[in-house]
Amino acid sequence: MKYVFGSDIGGTTVKLGLFDESGELLDKWEIPTDKTDHGANIVGDVCESIKSKMEEKGIASADVIGVGVGAPGAVNEDGVMTGGAVNLGWPVFNLREAMEEKLGGIKVAAGNDANVAAFGEMVKGGGKGYKNVVAVTLGTGVGGGVIIGGKLITGATGAAGEIGHIKVDDVETEKCNCGHTGCLEQFASATGIARLARKRLAKDDKPSVLRSAELLDAKAVFDAVKAGDEVADEVAKEFGRYLGKGLAVVADVVNPEIFVIGGGVSKAGEVLLSYVEPEFKNTAFPPCSGSKFALATLGNDAGIYGCAGMVLSEN
Ligand SMILES: [Zn+2]
């Protein structure tokens with residue numbers, strides 16, 4: 001039997017997975033992310049953890065097809081972190097080569113964490129069975145990954161798929177984290193939805209359960225939607241208009257078969273899609289407007305599945 005490892009490096013933990021050659025998860029575990037010394041120990045820690053798992057399971061290097069790694073920053077086709085990784089303190093360096101060196105020549109495939117998670121949703125999750133997939137992560141920000149013909153699109157600097165920064169509003173004056181204004185992320189992320197809700201409530205006195213919500217977040221908004229709250233419905237419609245419009249831009253460029261929506265906000269379930277799809281269909285160029293919509297299914301494991309999927313797709 002041959003094996004593949006996946007390692008999804010996040011700001012607080014590194015998620016690791018051991019897979020068989022068909023991409024089935026055999027074991028998963030986590031180690032803390034050591035951000036001291038500009039994250040200089042992280043690559044070594046990940047490789048040591050993989051090597052000790054090999055020892056524990058009696059796996060020889062020759063039986064490891066490869067190791068996939070996802071990291072929070074732009075990663076180009078050669079495995080270079082082209083802008084470093086701000087969250088980890090990393091400078092610009094070649095992540096793939098650094099890991100291959102520490103793993104004694106085992107082949108490594110490296111990618112941006114959101115892109116890798118998108119790949120995971122294609123191979124084992126909400127986009128299973130499709131080869132043209134756009135995955136959208138609605139979390140603190142809005143991330144994404146574009147897979148066309150079964151291949152991850154990384155672009156010139158590895159920053160392809162950053163759909164959270166598509167400009168969807170010309171009026172917004174508040175700045176996005178990226179420095180621009182009117183980015184999709186400002187309206188469709190968890191923080192964006194909470195902001196839309198606060199703005200809506202401040203507009204008038206219309207009664208709403210949201211006024212007495214202990215925490216006015218995306219979950220509160222969609223819970224209120226499900227309970228029939230009219231103000232929450234208005235907020236969700238506004239969210240849907242922005243996300244539908246942004247995804248229509250994406251569809252006009254890459255024409256995916258399916259959009260897979262994940263991240264914390266997607267826990268609201270199918271009701272969320274019902275606010276996005278109509279606006280999408282009305283905005284996308286008609287021949288591109290037939291994309292399906294589905295919810296992500298792998299949750300936090302999407303990254304390690306994608307890491308394994310990248311390695312297996314290259315072999
Ligand atoms: Zn932005």
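1. G105 lies in the loop that connects helix α3 (95–102) with strand β7 (108–112). In this predicted model, G105 has a relative accessible area of 61% and is therefore exposed. The chain places G105 and G290 185 residues apart, and their C-alpha atoms are separated by 45 Å.

2. The helix on one side of that loop, α3, contains M99. Is M99 buried or exposed? Its relative accessible area is 0%, so M99 is buried. Apart from neighbours within four places in sequence, M99 is in contact with S7, V43, V46, C47, V67, V69 and V108. A further distance may be noted for M99: its C-alpha atom is separated by 16 Å from that of K15, a residue 84 places away along the chain.

3. Helix α4 covers residues 113–124, and N115 is found in it. The 12 residues of α4 should span 16 Å at 1.5 Å a residue, and because the end C-alpha atoms are 16 Å apart, the model agrees with that expectation. The helix is mostly covered, since nine of its 12 residues are buried. These buried residues are A114, N115, V116, A117, A118, F119, G120, E121 and M122. The student should note that the list includes N115 and E121.

4. N115 merits a point of its own. Its relative accessibility is 1%, so N115 counts as buried. Which residues surround it, leaving aside neighbours within four places in sequence? N115 is in contact with G144, G145, V146, L152, I153, G158 and A160.

5. The model contains a zinc ion, and the protein donors to this ion are H165 through ND1 and C176, C178 and C183 through SG. These donors lie 2.1 to 2.4 Å from the zinc ion. Why is the arrangement called tetrahedral? The angles subtended by the four donor atoms around the zinc ion are 105 to 120°, and four donors count as tetrahedral if all angles lie between 85 and 135 degrees. In sequence, the spacing of the donor residues is H-x10-C-x1-C-x4-C.

6. Two of the cysteine donors may be compared by their accessibility. C176 has a relative accessibility of 6% and therefore counts as buried. C178 has 36%, so C178 counts as partly exposed. The reasoning rests on the cut-off that buried means under 20% relative accessible area.

7. The largest nonpolar core has 46 residues. Within this core, the residues with the most contacts are L138, F222, F239, L247, F259 and L272. Helix α8 (residues 230–254) gives the most to the core, contributing 11 residues. A second core, separate from this one, has 30 residues, including V14, L18, W29 and A110.

8. F239 shows how parts of the chain meet. Residues up to four places away in sequence are not counted here, and F239 touches L138, F187, A188, I193, L196, F222, L272 and V276. Three of these partners, L138, F222 and L272, are also named among the residues with the most contacts inside the largest core.

9. Helix α9 (residues 270–283) has 14 residues, and the distance from its first C-alpha to its last is 21 Å, close to the 20 Å expected at 1.5 Å a residue. Where does α9 bend? The bend, of about 25°, is at V276, and the proline P278 follows within four residues. The buried residues of α9 include L272, L273, Y275, V276 and F280. An α-helix has 3.6 residues a turn, so residues three or four places apart point the same way. The buried residues of α9 pack against β8 (133–138), α7 (218–226), α8, β11 (258–262) and β12 (292–295).

10. Two residues deserve attention for their backbone angles. D37 is not a glycine, yet its phi is positive, at about 55°. D37 is placed in helix α1 (residues 36–39), and its relative accessibility of 56% means that it counts as exposed. N255 is likewise not a glycine, and its phi is positive at about 50°. The place of N255 is the loop between α8 and β11. With a relative accessibility of 42%, N255 counts as partly exposed.

Methods
Residues are numbered from 1 along each chain as its sequence is written. This is a predicted model: local features need pLDDT of at least 70, side-chain atom pairs count only at pLDDT 80 or more; totals for chains, interfaces and linings use all residues. Side-chain values use heavy atoms; hydrogens and water are left out. Donors are N, O and S atoms within 2.8 Å of the metal (3.2 Å for Na, K and Ca); water is not among the atoms, so sites may look incomplete. Four donors count as tetrahedral if all angles lie between 85 and 135 degrees; four count as square planar and six as octahedral if opposite donors are over 155 degrees apart and all others between 65 and 115; anything else is irregular. Buried means under 20% relative accessible area, exposed over 50%, partly exposed in between (1.4 Å probe, protein chains only). A nonpolar core is a set of buried Ala, Val, Leu, Ile, Met, Phe, Trp, Tyr and Cys residues joined through side-chain atoms within 4.5 Å. Helices (H or I, at least four residues) and strands (E, at least two) are DSSP runs, numbered from the N terminus. Contact means heavy atoms within 4.5 Å. The expected span of a helix is 1.5 Å times one less than its number of residues. The bend at a residue is the angle between axes fitted to the seven residues ending there and the seven starting there.
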